[in-house]
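Reader: I am new to this structure and should like to understand the terms applied to it. Please set each one against its definition.

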Amino acid sequence: MRRRMKQGLTLGGLAVLAALVCLPVIWVLAGSIKSSVELSDSLSPILLENGGRVRFTLWPLFPTLRHFMEVLLQSPSFFVVFWNSVRIAVLTLGGQLMVAVPAAWAFARFPSRGNGFLFTLYTVLMMMPFQVTMLSSYLVLDNLGLMGRQAAVILPAVFSTFPVFLIYRGFTEIPEGLVEAARIDGAGDWRIFFHIGLPLGSSGILSAAVLSFLEIWNLIEQPLAFLEDKALWPLSLYLPEVGLGQAGTAFAASVITLIPAVLVFVMGQDYLEKGIVAAAMKE
Amino acid sequence: MRDKGGIWRQRLRAGFEGSRGRAAALLGQFLIFMMACTVLSRALYTARMVQVTVGNSRSMSLDHVVEAEGTVLEGPKSAVLIPAGMRIAQVLVREGQQVEAGEELLLLDCEDIQEQLLKKRKEEERLRLQLEAARENAARQAADAQRNQTRAEEDYNDAVAAADSQAEEARAAWEEAVREREQLAGWDSYLAGVQQEDLTLRQLDGTIGRLEQELSDLRQELDHLQAEREQAATGHLQGEREQAATGAAGESAPDTGKDEDAENVAAQILAKEQELIKARAEREQYLAQLSQDSRQQWEQKRASLEETERQAQRSYEGIRDSGEQNVQAASRALEDASQKPLSDSSLALLSMDVEAAGEECAALEALLATEGRICAEKAGQIAQVSAENGRRTTDEPAFLLAAGEGELTFQALLTKEQSRYVNVGDECVVSFDSGRRKVEGLTVLSLTESKEEENRYRLTLLLPAGQAAMGQSGTFRLVRQTTNYSTCVPLEALRTDSRQQTYVLVLSHVETFLGEELTAVKRPVKVLDKNGTYAALEEGAIGAEEAVIVSADGIIEEGDIVRMEEP
């Protein structure tokens, strides 16, 4: 009995915390189906700058799907930026798989002094914020003639150090004995990599992919700095362009923007959990 | 036996089990749905977009075509005027009669003309004499005015000179009086002078001086006597001591004669001092009296000089004011004399009357020379006869002569806007029978404001004979070409906003999320001229390369995204 009460209290507390964390998302969902009049009335302190506090209710008085219709059928520019985001995400993820996975395998399975130094360098670079490297990146991209093209956003992300760091952890979990056994059986390095390394390190790879996707889907600084043409901008830069007078449209666009991120997260949730657990466990 | 799927297929199958599989399926469906919406929204967007046709500005001149419906009317009439007051002997024509140029219309009474000529000549002579007399009077008046002016100038100059000299003299007298007053010494100096020159006072001072000298001498003598006495006394004592010391007997007694002399001198000194005191007192008394008398004299003299100065000043001011008045009077007289006489037009009027009388005489003489015959100046038809046998002519026309046979006029009403492009003498075309027959080479005879209709102008032109029938309708057409304008756009491109300002919409490229699109930009313009198809704009309003939106298949406002019309 006491145990059940304890469990109930724990669950209740966690539910309250979860609700608080989810409140912004709930607001977005509620705002996306509210009428324009309701939104204007509740957001007037922000829209008209006439002082006072914003009054936002969760339940709409006059629910409507008009904003979704406006976004999906009357805003072709939304789809331009949506597919830009998809393109950037797919190409970046593909590039990261091509580059980061072999790099992580090399760091994990071929230790040496040089590798140790490089890995340390990778770790330092990973911790640097974008603002620190922005100017040097700008100069390099300009010299390469990539400024104003989506490759200026994709290429630096492809060679990002964060996936290497995550995948490396997964590769280090593979027992050395397994690799030795395969080597004894006559398997070469590439065969060991493709048939043992990739399958057994897939959790790390997929968790890195999920986190990379979420990061790329929300990129703001790199597109803003390197892309001048609005037709090349991703979704994350489109939402601020929507005027405050079209708050309903902005909410609806936010909901649609949220859907792929949620679905990808659901797809990779297990791998993320496994990756976090593996990192926490001691060998 | 090797697994058919291989490790990769197994992994893949395992990877998409459960919620992962459902999420992946949802993601795929979501992406397909988004693809469909992409196509649909783009189609709707394009369908809603306004299609426009554009044109570039051109450099050209504008043709203003003025067309108006009109009617053929009878030709113009001319009046035959005869000097008024002539007796008509005989009227030789009747209404409707066709006459040739130079044909006689009527005969005037020659005797009556003769009489009138005689009267006119007398009147002319009278006016001429009046004119001569007026001219002589005017010349005499001018000479008188000139003489008066000369005299006034002389009077003025004399007045100025006299005023200056008199004022100068009075001023000199005044300054002299001032100088004399200033020269009068102050009281102390005056008194000192009087005292210096007074004999009695000098005598008294002499007496006092003498007494003081005597007194001084006596005191010296007394001092000397006293010194001798003391010396004698001292010697005597010394002798007695020596005697006392030596024991010798005294030989002589002290001398007492010196004492008596000293006493006499002291008495004299005392008497002298008293006498001196008395003399000084007498002097002081005399001095006081003298001072009192002198003060009186001095003040009298001073008052006299001040009065003299005041009189001199008054005299100067009086003379000065009087002189200024005289000068002012002379100046006014000079102004009056210099004024131009009032304008008088009687001479000019008389001259005109003389000329008019002469012209009338000449006209009567001309009539006499032709024996009173009045002839037609040009051929035409007698439209109206106002003259009657035996009556006198009036100011109204004796005959109205219609234009040459068959000559008609075409009249049309133009609007104010149309009349701006039509001038008298312009070449034009009139078409009849619904445009099937045209009469070219016509010229505008007149363009006057219509009295019957407001803001309308009546156009008149002459039609040659045989071109049309009276009352027939036709269409007037005139084309006027303006100067070359550098910026002309189709008339449909002009728009007006709520503030009645004229503007055009120009295509411009704008970067949007959909790439480069076309947008309408508002450009205010000033219209210099326009006809039915084009409008001329102020230079520089639109660039030659800019595309102006001429028409659209919907309503467009500034900033709207548009697209070019499908060919």
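**Terms at the interface and in a sheet**

Author: Between chain B and chain A the count is one salt bridge. This is a predicted model, in which local features need pLDDT of at least 70 and side-chain atom pairs count only at pLDDT 80 or more, while totals for chains, interfaces and linings use all residues. Residues are numbered from 1 along each chain as its sequence is written, chains are lettered from A in the order in which they are written, and side-chain values use heavy atoms, with hydrogens and water left out.

Reader: Why is the meeting of B:R20 and A:D270 called a salt bridge?

Author: The term requires a side-chain nitrogen of Lys or Arg within 4 Å of a carboxyl oxygen of Asp or Glu. The side chains of B:R20 and A:D270 meet at 2.5 Å, N to O, and therefore the pair satisfies the rule.

Reader: What makes up the side of chain B that touches chain A, by class?

Author: That side has 18 nonpolar, six polar and five charged residues. Ala, Val, Leu, Ile, Met, Phe, Trp, Tyr, Cys and Pro count as nonpolar, Asp, Glu, Lys and Arg as charged, and the others, Gly among them, as polar.

Reader: How do you know that β3(B) and β9 of chain B pair?

Author: Two strands (DSSP runs of E, at least two residues) pair if DSSP finds at least two bridges between them. β3(B) and β9 have four bridges, in the antiparallel sense, so the definition is met. Within this pairing, B:A79 stands opposite B:L400.
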